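Open your viewer, switch to a cartoon view and keep the selection box handy. We will hop from one element to the next, with a short stop at each.

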Amino acid sequence: MKVGMIFGNGVSGKGAKEVLEKMKYEVVMVDDKTGMPSDSAEDILDKVDIFIKSPGVPYTRLVNKAFEMKVEVIDEIELAYRYMKKLEMKTKIIAVTGSNGKTTVTSKITELLKKAGYKCEHAGNIGNSFGELICKNSELDYVVLELSSYQLENLKDFKADIAMVINLSPDHLSRYNSKEEYFDAKFNIGKNQTKKDIFIYNLNDKDSMKRLEKITGKKLGVTVKKVEKQTAQCYIENNKIMYRGKEFLEIEKLSLKGKHNLENVLFILCVAKNLGIDENIIREFLCSTKPLEHRMERFYEWKKVLFVNDSKGTNIDSTCFAIDAYDGAILICGGKEKGLPLEELVEKIRENISEVYLIGEMTERLKEALLLGGYPNKKIHITEDMENTVKSLREKLAENEDEKVVLLSPSTSSFDQFPNFETRGKVFKTLVKKYFEEGEEL
């Protein structure tokens with residue numbers, strides 16, 4: 001019997017285990033908390049036929065030793081794809097990545113395909129394991145995969161029928177040696193495509209444009225602007241969404257608001273049109289679908305104060321988008337230190353934010369950067385954690401008579417204080433409702 005070693009017993013690792021068992025492998029689960037310790041696993045690497053590295057696992061001594069010993073190292077996404085092909089499943093793959101917007105695009109494409117009558121589910125970085133999904137659903141028409149850079153690092157045979165990179169901005173620089181290495185990992189999503197496959201890209205994203213020569217699929221560009229000397233499949237003109245030169249829908253009718261969501265809508269529309277979904281179904285969906293929780297979520301109002309939960313703002317670009325949408329807001333910012341450059345964020349805060357409350361590991365570096373960037377010290381509040389922040393705001397806003405927006409958009413991940421961005425957002429919402437209890441839910 002062949003032996004498969006899985007490193008990491010999380011969602012991805014459990015999915016990989018299910019697939020390997022279906023493929024009749026003996027499974028060795030390595031996890032320093034719930035499985036075989038990684039140092040012990042080194043002793044049996046010579047018996048391993050395939051090594052599955054969970055995406056959150058860094059390139060440790062065990063992983064590097066597997067490479068050195070010529071053991072095939074892949075990720076769960078690659079393994080699940082191979083299993084699909086072995087079973088000759090007819091399911092088509094739509095693969096989504098990007099620094100911002102990928103969860104919205106993934107979930108909304110899934111919703112739209114279901115609305116159009118297709119059997120469709122999403123998986124990957126959106127909470128469900130690709131492996132577990134296909135083990136339980138062999139008759140799906142489509143699977144929509146949200147893929148992080150980590151999940152794209154060790155692809156070999158994987159191929160998407162439709163792939164897309166929504167945008168690129170620096171992130172995860174504690175994992176990668178440079179932003180270029182991170183961007184290259186993202187572009188692995190287009191690996192192995194043929195001219196029968198579709199690759200959708202952002203004409204306004206310079207780092208995507210630099211990498212287009214890597215793509216072998218049929219390339220379709222979208223843009224929130226009309227780009228001269230470029231053929232855009234989908235673009236904006238006179239506050240209208242245009243598709244192949246024809247008016248499709250007025251922007252004001254979209255239920256997903258904001259510049260960032262407009263970009264997302266173009267990718268969703270491009271997929272839907274290329275799958276032949278009825279235009280009336282697409283329009284009705286784009287005018288009625290609801291925003292996702294923790295993404296520019298207007299959830300509470302107290303007196304004239306609006307509270308917005310953008311806990312999914314886990315990198316600089318996403319927070320800059322949120323600041324643009326709420327000029328003059330009070331910003332709650334900070335979290336895990338990822339070593340990202342702060343110049344763009346500091347400029348946005350200086351120009352658009354009335355006050356800033358800093359939490360988490362980033363606090364000292366962000367405060368220093370703000371002061372160096374000319375942001376007044378009196379507008380910077382060090383509150384360390386979410387509860388102190390909300391309590392301080394309650395005291396400050398007690399006599400408020402003006403319209404205000406309190407915006408949580410941390411610009412980084414949550415792992416210094418919370419297990420994930422969802423928990424961070426839920427805690428923020430709970431505390432706001434607790435301390436501003438006479439307000440109204442929206």
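Start by selecting β9, residues 198-202, and show its side chains. This is a predicted model, and β9 is a strand with both of its faces covered. In a regular strand the side chains alternate between the two faces of the sheet. Here, Ile-198, Ile-200 and Asn-202 lie on one side, while Phe-199 and Tyr-201 lie on the other. Colour by accessibility and you will find 5 of the 5 residues in β9 buried.

Next, add the strands that pair with β9. Select β8, residues 162-165: β8 and β9 are joined in the parallel sense by 4 bridges. To line the two up, look for Ile-162, which sits opposite Ile-198 in β9. Now select β10, residues 218-223. β10 also runs parallel to β9, and 5 bridges connect the two. Keep Ile-198 highlighted, since Lys-218 in β10 stands opposite Ile-198 as well.

Now move to another sheet. Select β1 (3-7), β2 (26-30) and β3 (50-53), then add β4 (72-74). These 4 strands form an open sheet with parallel pairing, in the order β2-β1-β3-β4. The edges belong to β2 and β4: each has a single partner strand, so one side of each has no neighbour in the sheet. Tilt the view to look along the sheet, and you can see neighbouring strands turned against each other by 20° on average, direction ignored.

Zoom in on β1 and β3, a parallel pair joined by 4 bridges. Which residue of β3 stands opposite Ile-6? Ile-52 does.

Bring in α4, residues 76-86. This helix lies across β3 and β4, and α4 runs at about 100° to β4.

For the last stop, select α1, residues 11-22. Its 12 residues reach 17 Å from the first C-alpha to the last, close to the 16 Å expected. Highlight the buried residues of α1: Ser-12, Gly-13, Gly-15, Ala-16, Val-19 and Leu-20. Turn the helix so that you look down its axis: these buried residues fall within an arc of 160°, so they line one face of α1.

What do the buried residues of α1 pack against? Their partners are β1, β2 and β3, together with the helices α4 and α6 (130-136). Finish just past the end of α1 at Lys-24, where phi is positive, near 70°.

Note on methods. Residues numbered from 1 in each chain as written. Predicted model: local features only at pLDDT ≥ 70, side-chain atom pairs only at ≥ 80, totals over all residues. Heavy atoms only, no water. Expected span 1.5 Å × (residues − 1). Buried < 20%, exposed > 50% of the residue type's maximum accessible area, 1.4 Å probe, protein only. Arc of directions from axis to C-beta. Contact = heavy atoms within 4.5 Å. Pairing = 2+ DSSP bridges. Axes fitted to C-alpha atoms, helices over the stretch in contact; angles between N-to-C directions.
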